[in-house]
Amino acid sequence: MSCLAVGAAVLMLTTPDFQLSWTHSVERVEWQEDWRIHDHALSLTAARVRGSGAGMEPGENARFRDGWWEWPGDLRVPALILAASGATGAGWTLCANGECLDLGAQSGEPIVLKPCEGDTQ
């Protein structure tokens, strides 16, 4: 079992993996990232974008498959900070355990995603 702090809420995850997706505010193209909680940090394991455009260049070693540019992740961070401007028409979708949660659709404080204290996955 893993634990992910999402702002003031806590999500208990049956696996250390979760997906974060959103629609690019200018290009209106979907972006997806796969993350894993590991050693008190968040590791990007893969990313996909449905097209390309301003600020949406596919990552290194990207391959085009089924309408998506896909590439392996190569990033490790202690936390993710999601701005919540409310100006993009939507926020982010966080999916884990077969369920999804919408985040940051309304203007407000940034939303911080990070492993819970003591989570060692």
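**Entry 1. Salt bridges**

I began with Arg36 and Asp17, whose side chains meet in a salt bridge at 2.6 Å, N to O. Because Arg36 belongs to strand β4 and Asp17 to strand β3, the pair ties together parts that are 19 residues apart in sequence. I noted that this is a predicted model.

I then looked up how well each partner is covered. Arg36 has a relative accessible area of 35%, so I recorded Arg36 as partly exposed. Asp17, with 29%, is partly exposed as well.

How many salt bridges does the structure hold? I found three. Another of them joins the side chains of Asp34 and Arg48, at 2.9 Å from N to O. This pair links distant parts of the chain, with Asp34 in strand β4 and Arg48 in strand β5, 14 residues apart. Are Asp34 and Arg48 buried or exposed? Both Asp34 and Arg48 are buried.

I also recorded the salt bridge between the side chains of Arg65 and Glu70, at 3.0 Å from N to O. Arg65 is partly exposed, because its relative accessible area of 46% falls between the 20% limit for buried and the 50% limit for exposed.

**Entry 2. The surroundings of Asp34**

I stayed with Asp34 in strand β4. Which side chains make polar contacts with the side chain of Asp34? The side chain of Gln19 does so at 3.2 Å, and the side chain of Arg48 at 2.9 Å.

I next listed the residues in contact with Asp34, leaving aside neighbours within four places in sequence. They are Phe18, Gln19, Ser43, Leu44, Thr45, Ala46 and Arg48.

**Entry 3. Gln32 in the same strand**

I moved to Gln32, which lies in strand β4, residues 30–38. Its relative accessible area is 13%, so Gln32 is buried; the limit for that term is under 20%. I found a polar contact of 3.2 Å between the side chains of Gln32 and Glu30.

Beyond four places in sequence, Gln32 touches Gln19, Leu20, Ser21, Ala46, Ala47, Arg48 and Trp68. I compared this list with that of Asp34: Gln19, Ala46 and Arg48 appear in both.

**Entry 4. The nonpolar cores**

Which residues touch the most other members of the largest nonpolar core? Of its 18 residues, Phe18, Leu94 and Leu113 do. I looked up where the members of this core come from. Strands β1 (2–6), β3 (17–23), β4, β5 (41–49), β8 (80–84), β9 (92–96) and β11 (108–115) each supply at least two residues. The largest share, three residues, comes from β9.

I then listed the contacts of Leu94, setting aside neighbours within four places in sequence. Leu94 is in contact with Leu4, Val6, Leu11, Phe18, Gln19, Leu20, Glu99, Cys100, Leu101, Leu103 and Leu113. Phe18 and Leu113 are thus among the contacts of Leu94.

I also found a second, separate core of five residues, which includes Val29, Ala47, Val49 and Trp71.

**Entry 5. Leu82**

I turned to Leu82 in strand β8. Is Leu82 buried or exposed? With 7% relative accessibility, Leu82 counts as buried.

I looked up its position relative to Trp92. The two are ten residues apart in sequence, and their C-alpha atoms are 8.3 Å apart in space. When residues up to four places away in sequence are not counted, Leu82 touches Leu20, Trp92, Leu103, Pro110, Ile111 and Leu113.

**Entry 6. A nonpolar patch on the surface**

Which residues make the nonpolar surface patch of about 340 Å²? I recorded Met1, Val10 and Met12. Of these residues, I looked up Val10 and found it in strand β2, residues 9–13.

**Entry 7. Positive phi values in two loops**

I noted a positive phi of about 50 degrees at Asp39, although Asp39 is not a glycine. Asp39 lies in the loop between β4 and β5. At 42% relative accessibility, Asp39 counts as partly exposed.

I noted Asn97 for a positive phi too, near 55 degrees, again in a residue other than glycine. Where is Asn97 placed? I found Asn97 in the loop between β9 and β10 (99–103). Asn97 is partly exposed, with a relative accessible area of 37%.

Methods
Residues are numbered from 1 along each chain as its sequence is written. This is a predicted model: local features need pLDDT of at least 70, side-chain atom pairs count only at pLDDT 80 or more; totals for chains, interfaces and linings use all residues. Side-chain values use heavy atoms; hydrogens and water are left out. Helices (H or I, at least four residues) and strands (E, at least two) are DSSP runs, numbered from the N terminus. Buried means under 20% relative accessible area, exposed over 50%, partly exposed in between (1.4 Å probe, protein chains only). A polar contact is a pair of N or O atoms within 3.5 Å; within protein, one must be able to donate a hydrogen and the other to accept it, and residues adjacent in sequence count only if both atoms are side-chain atoms. Contact means heavy atoms within 4.5 Å. A nonpolar core is a set of buried Ala, Val, Leu, Ile, Met, Phe, Trp, Tyr and Cys residues joined through side-chain atoms within 4.5 Å. Patches are made of residues with over 30% relative accessible area and no salt bridge: like charges are joined within 9 Å, nonpolar side chains (Val, Leu, Ile, Met, Phe, Trp, Tyr) within 5 Å. Accessible areas come from the Shrake-Rupley method with a 1.4 Å probe; for residues, only the protein chains shown count as cover. A salt bridge is a side-chain nitrogen of Lys or Arg within 4 Å of a carboxyl oxygen of Asp or Glu.
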